[in-house]
Structures are given as structure tokens and as C-alpha cells.
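Open the model in your viewer and set it to a cartoon view. The tour goes from the whole chain to one pair of residues and then out to the surface.

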Amino acid sequence: MSLKEGKSKKIDGRLFAQEYLEKVLIPRCKIFKEVYKKLPKLSTILVGENPASESYLKLKGKFFTKLCVKSEVFRLPKETTEEELLEFINKQNNNDQIDGILVQVPLPSHINEDTIAESIAPSKDVEGLSPGNVHSWAKSLPNLVPATALGVLALLKYYKITIEGKHVVVVGRSMIVGKPVAHLLLKENATVTMCHSKSKPLEEYTRQADILIAAVGRPHLIKKGMIKDGAIVVDVGINFEDGKMMGDVDYDDLLETASYITPVPGGSGPATVCMLVSNLLLAFELNQAKRNEERLDCLRDYYGNYDTIGESGFCIG
Ligand code: NDP
């Protein structure tokens, strides 16, 4: 399926990623090399196989190569028990050479994702899902926030889309996407409605959205007639049908109705990877800081820079 041209403006995640890479991530890595004489290292853990995880890994690999950031991928068999995984993570928590840990979800059903998220050292939790980090983003305090949620906000800012006062409808209430997106957009003074599998009929809610965020995992769930004219649509979904990647939104179907829309691939995915790297750099910097004031400075700089996306262009302080 080719992505057609229509009335909508495409929210181009690749364009965003290229600029973010050049203007923010590469300069920050250069500074790190000069100041700390080393670069951060990420450890990614995969249990079993999942096509969405593989595509995310491929995208991440390209970024890491460009940045010279070190990344090691550990592939564990799908039979790995929860205890074995916890032990594996514990070793990584205690390994000084590793600055960030990412456990790719979904995990096999015999492993509890919450237990795993809680086992990652908060200072290495680049996914922002350990209890301390969840507490921070739920209270709108600066800290490590799930990368996909940050990516959604970054894309909206990059396209100078006003969030304040808008009605945002988020479809999907997971801890990794739906809930943190809702919190970030609430902090930006949007009015947020959250939908899930029991929100029926779904179109009654989605049609009210000025900004619709789809984070469900159902191919082309959002179709013509489900959004209002001029709505802004961000599709976070990554689904595979017959080996083809597709989002939760029927992009071609909404081209004449939406004012802005993200394609899949090439929308939210590249922005997520940018924000993951950004989180890794933040985790590294926070761990290098000796005193609490230095940590606070890092966070202030990081979120100060982040706020400038789309306003005065990217800035690295
Ligand atoms: P989860 O399965 O954890 O959550 C899915 C959510 O969608 C749940 O809240 C569920 O409701 C809701 N839901 C399911 N079916 C429907 C329906 N018919 N109508 C309305 N709501 C429904 O998924 P994730 O949040 O982890 O991921 C969502 C999607 O985003 C996936 O496609 C995933 O691959 C993708 N993803 C993309 C990333 C990116 O970088 N672009 C990063 C991470 C994920 P309930 O709670 O009631 O079960």
C-alpha cells in the first residue's frame, strides 16, 4: 500500500529525527566525549521474538551507529523464566559499564511485565517505567519519561501544533504509551479523554478529538468517519499483517479529513528512538553528576532544551 497525498499535512517522523539527531543528539554526544571521555552504553534485552520489537531494534541500531553510542542486544529464549530474567537484569543493574537498560515488550505471557519494570535500577531505567520514574511523570516532575510518549509530544511541538486548550483523545491506556502520553499532554494544558477496549462506541469519543493519539495495537482500527474534520492524528501503533507494517490508523482513509497525520512507518517510530537515545544520554549524565544540584541542573537543561522544540528551533544549551 502506498501512502497517498491528500488534504492533510504529513507529520514526518523521519524529518524530525534527522534534525534532532544533527542538532541535539550528535552535539550532546560530542560534549560527553570531551567532558567524560566516554559515551553511554545501552543494554537491550529481548525475550523471544516479536516483529514490532525487531523493527524498533533495526531503527535503533541505525541511530546508535551514527552517534557512536554503544549498544548491546541480549536475545534470551522465549522459555526464559521470570527468575532468570530478574537475575539477568540484576547483573546489568550492577554493571558500571551499562548506563541504560531496556527490556523490550511484549514479554512472553509467563513473565509479569510490571515485576520486570520494577526490577530495573531507576537510574538506568531509560523506559521511565520503574516506580520512582512513574511517580515523577505522574506528578509532572522532570525525570525519565517513556520515550514513545515524549516522541508524540516532540512531534506535536516540532509541527508547532498548539496543545493548550485542545481536546486530546488517547486510545489505549498502557503504562508504556497511553498513560504517559495523557500525563504529558495534561501538563501542556490539554483536556484529555482516555479510551480503551471497553469505551463503546469508540467513534463517539474519537470524533470529539482535536488531537487523536492511537496506541492500541489493532491494524487500521481508526477509519473514515471516526474523526472530525481538521483533527490532528498521531498513530503510535505498529502492527504487522502479511509481513507488512501498518498502524492503528487507516492513513489513506483519513487523508481528506485530518489536518495533520503521522504515517506508519515513518511517524512516531523514529521520534521514539530519538527520545530513547535522549533518555539514555540523560541517564548517563545524571549518573555522572556527583552532587544533587548537578543532577537538578541536568534535568533543568534537558527539559529546558526539550521545551524549545518547535519554538525557537532545537537548542543544546
Ligand atoms: P497494550 O496492548 O499494552 O495496550 C493496548 C491498549 O489498547 C489497551 O489499553 C487496550 O484496552 C486498548 N484497546 C485494545 N483494543 C481496543 C479497541 N478495540 N478499542 C479501544 N481500545 C482498545 O499495547 P501498547 O500500549 O504496548 O502498544 C500499543 C501499540 O503501540 C502497539 O501496536 C505497539 O506495537 C505500538 N508501540 C509503538 C511504539 C512506537 O515507537 N511507535 C512504541 C511502543 C508501542 P484495555 O486496557 O481495556 O485492554
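How many helices and how many strands are there in the protein? The cartoon of this predicted model has eleven of each. The radius of gyration is 19 Å, close to the 20 Å that the globule rule gives for 317 residues, so the protein is as compact as a globular protein of that length. Show the C-alpha trace next: along its principal axes the trace spans about 55 × 50 × 35 Å.

Now select the strands β1, β11, β8, β7, β5 and β6. They form an open sheet of six strands in that order, with parallel pairing. Go to the two edges, which are β1 (9–10) and β6 (191–195). Each has a single partner strand, so one side of each is left without a neighbour in the sheet.

Move on to residues 232–235, which are strand β8, and residues 260–261, which are strand β11. The two strands run parallel and are joined by two bridges. Select Val-233 and look across to β11: the residue opposite is Ile-261.

Return to the whole protein and colour the residues by burial. Buried residues, meaning those under 20% relative accessible area, make up 53% of the 317 residues. If you list the contacts with a separation of 6 or more, 72% of them are between residues 24 or more positions apart.

Last, switch on the surface. The protein exposes about 14700 Å², and carbon and sulfur atoms supply 51% of that area. Then select the charges: there are 40 positive and 41 negative ones, and their mean positions are 3 Å apart.

Notes: Residues numbered from 1 in each chain as written. Predicted model: local features only at pLDDT ≥ 70, side-chain atom pairs only at ≥ 80, totals over all residues. Heavy atoms only, no water. Pairing = 2+ DSSP bridges. Helix = DSSP H or I, 4+ residues; strand = E, 2+ residues; numbered from the N terminus. Rg over C-alpha atoms; globule rule 2.2 N^0.38 Å. Buried < 20%, exposed > 50% of the residue type's maximum accessible area, 1.4 Å probe, protein only. Contact = heavy atoms within 4.5 Å. Areas by Shrake-Rupley, 256 points an atom, 1.4 Å probe, with all protein chains shown as cover. Lys, Arg positive; Asp, Glu negative; His and termini not counted. Charge placed at Lys NZ, Arg CZ, Asp CG, Glu CD.
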